[in-house]
Amino acid sequence: MKDENMKIEERMQNMKAFYNKAEKLIDELPDAIPEKTREMLKDKILGDKELKQLMEGIDNHRPPRIFLIGRTGVGKSSLINALCGAYTAGVSDTKSCTESAQIYECKDGDRTLMEILDTRGIAESDSLNTDVSAEDMLIEEVNKFSPDVAILMLNCTHRDDVNSDVEFLKKVAKSYAETNNLRLPIVVVVNKCDEMAPSRFKKPAEYPQNKIDKINEVVQYYKGIIVKNGLKIDNIIAVSSLIDWQTPDGMEIDVEDIPNLPVHDINNLEIAFDGRYNIEELLDILEEAIQDFEAQMGLRMASRLTEVVHRLARHLNSIFSGLSGTVALTPIPVSDIYVLLIIQTLLVSLIASLSGRDISLDTAKEFIFSMGGIAGAGYVFRLVAQQVAKFINAIWPGAGSAVSAGVAAVGTSAIGKAAISYYIDGETIEAAKKKFEEGRQEKEAK
Ligand SMILES: Nc1nc2c(ncn2[C@@H]2O[C@H](COP(=O)(O)OP(=O)(O)OP(=O)(O)O)[C@@H](O)[C@H]2O)c(=O)[nH]1
Ligand SMILES: [Mg+2]
């Protein structure tokens with residue numbers, strides 16, 4: 001575990017080192033590229049705020065603080081594990097809080113992944129019903145904790161009364177805004193979707209349409225109540241936090257029995273069955289909701305090695321797809337397809353560097369050409385724009401040399417997905433090609 005964590009730091013530094021080299025690489029591109037285009041590329045890539053923040057975040061991040069509110073058994077602890085992709089014992093060697101709330105740190109080995117303020121909600125607290133000041137105390141605790149985001153958890157299969165929790169959250173949000181001069185981001189999570197009928201379908205990829213429809217109905221139902229009560233939320237999403245765990249020697253273990261295992265076993269639990277549904281989407285929503293950059297980055301880092309690498313790679317991909325879209329809209333003196341190819345080679349190289357490999361821009365370009373089934377061997381960047389356009393046309397038939405923003409973003413995103421599958425997941429070039437095709441179709445369908 002320790003070794004893995006060390007490696008991830010190295011891999012991220014590797015990516016950052018490549019990013020720092022980008023300016024030099026652009027300068028070294030062949031003369032066929034006009035100076036103006038070169039400057040534009042530098043401007044777009046190195047001037048991109050999100051990309052800069054991602055690179056800076058590698059050295060500056062802190063665990064995000066999450067305020068979780070939801071009834072006993074709704075799956076608050078399970079959600080944290082699902083988000084982290086690791087069993088993070090909700091240990092309660094915590095700072096003391098009011099009786100209905102506790103603060104704890106989620107750890108993976110000695111790394112703190114997240115800080116959680118956990119409360120079972122106002123409806124379940126007897127003392128709060130009889131003593132109004134207890135509610136104020138809890139609000140004070142929330143303010144002291146100063147969460148980056150609040151998550152209200154609801155159950156997909158029991159339509160519990162949520163009015164009191166919604167009312168409470170309204171008060172919390174108001175007080176938070178007054179204290180911090182900031183809006184408290186609120187995300188509603190409807191958990192245990194896998195239990196929605198037909199409940200025998202536990203693998204998200206196999207959820208039948210009628211199950212998905214029913215899940216969406218519940219989301220709309222809760223949304224209606226929340227809107228009616230006047231609580232402003234950032235987003236609402238249905239998820240499943242279902243994970244079955246096993247020890248490294250393959251022994252599957254009941255969640256209830258995990259706390260009885262030796263610490264070493266708990267720290268090294270593996271996923272035996274992954275029933276997580278929409279958790280990546282939830283992470284994206286949380287990332288968007290959290291305003292503090294260091295906490296945003298902390299959220300991306302709040303998981304095990306393989307997941308962190310994936311998150312970073314996906315984030316790179318979305319930045320570069322966006323970049324490609326804006327570049328396609330910018331009038332430039334050479335074929336924009338050539339410029340897109342350069343952007344994509346940088347993306348592929350960055351993804352490769354995240355996998356621990358150092359590849360040249362030419363190798364990255366070969367990878368891109370191979371997606372179109374073209375052996376571009378021998379061709380270096382000295383190719384003139386038109387020639388490149390001819391090759392790229394085989395990858396995006398009909399793209400011509402004037403590429404629309406949409407096509408540019410789609411192409412880059414599909415290339416990024418293929419690179420993730422090849423370099424990070426270690427899949428074959430054929431599997432990567434399939435990802436590329438899927439990626440292209442995904443967006444074309446929209
Ligand atoms: N099928 C299914 N079971 C879940 C899911 N999320 C949680 N569970 C199960 O629900 C039970 C309660 O989950 P917890 O995560 O302990 O719930 P909690 O909200 O933290 O409960 P308290 O700490 O008591 O407030 C456990 O048996 C979990 O395994 C889910 O998405 N699907
Ligand atoms: Mg819990």
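How do the residues of the lining of the largest pocket divide into nonpolar, polar and charged? Keep that question in mind while you open the structure, which is a predicted model, and begin the tour at the pocket itself.

**First stop: the largest pocket**

Start by selecting Glu-280, Asp-284, His-310, Arg-311 and Arg-314, which are the closest to the centre of the largest pocket among the 43 residues that line it. The space you are looking into has a volume of about 1500 Å³. The lining divides into 21 charged, 14 polar and eight nonpolar residues, which answers the opening question.

Next, colour domain 1 (2-47 + 307-445) in one shade and domain 2 (65-303) in another; because both domains give residues to the lining, the largest pocket lies between them.

To see which helices take part, select α3 (49-57), α10 (279-289), α11 (293-301), α12 (305-329), α16 (405-424) and α17 (429-444), each of which supplies at least two residues of this lining. Then leave α12 highlighted, since with nine residues α12 gives the most to the lining of the largest pocket.

**Second stop: the second largest pocket**

Now select Ser-77, Ser-78, Asn-81, Tyr-87 and Val-255, which lie nearest the centre of the second largest pocket, and widen the view from there to the 41 residues that line it. This pocket holds about 1100 Å³ of space.

Helices and strands both appear here: α4 (76-84) and α9 (263-267), together with β2 (101-108), β3 (111-119) and β7 (243-246), each supply at least two residues of the lining. If you colour the lining of the second largest pocket by class, you will find 16 polar, 13 nonpolar and twelve charged residues.

**Last stop: the cavity**

How many cavities of 30 Å³ or more does a search of the whole structure find? The search finds one, and the volume of this largest cavity is about 30 Å³.

Select Phe-18, Tyr-19, Ala-22, Ile-45, Phe-320, Leu-346 and Leu-350 to show the residues that line the cavity. The elements giving two or more residues to this lining are α1 (2-27) and α13 (336-354), and α1 gives the most, with three residues.

Finish by colouring the lining of the cavity by class, where you will find seven nonpolar residues, with no polar and no charged ones; for the lining of the largest pocket, where the tour began, the division was eight nonpolar, 14 polar and 21 charged residues.

Methods: Residues are numbered from 1 along each chain as its sequence is written. Chains are lettered from A and ligands numbered from 1 in the order in which they are written. This is a predicted model: local features need pLDDT of at least 70, side-chain atom pairs count only at pLDDT 80 or more; totals for chains, interfaces and linings use all residues. Side-chain values use heavy atoms; hydrogens and water are left out. On a 1 Å grid over the protein atoms alone, a cavity is a set of points where a 1.4 Å probe fits but cannot get out, and a pocket is an open set with protein on both sides within 12 Å along at least five of seven lines; lining residues have an atom within 4 Å of a point. Grid points are joined across faces, edges and corners, and a volume is the space filled by probe spheres set on the points. Helices (H or I, at least four residues) and strands (E, at least two) are DSSP runs, numbered from the N terminus. Ala, Val, Leu, Ile, Met, Phe, Trp, Tyr, Cys and Pro count as nonpolar, Asp, Glu, Lys and Arg as charged, and the others, Gly among them, as polar. Domain bounds come from an automatic or database domain assignment.
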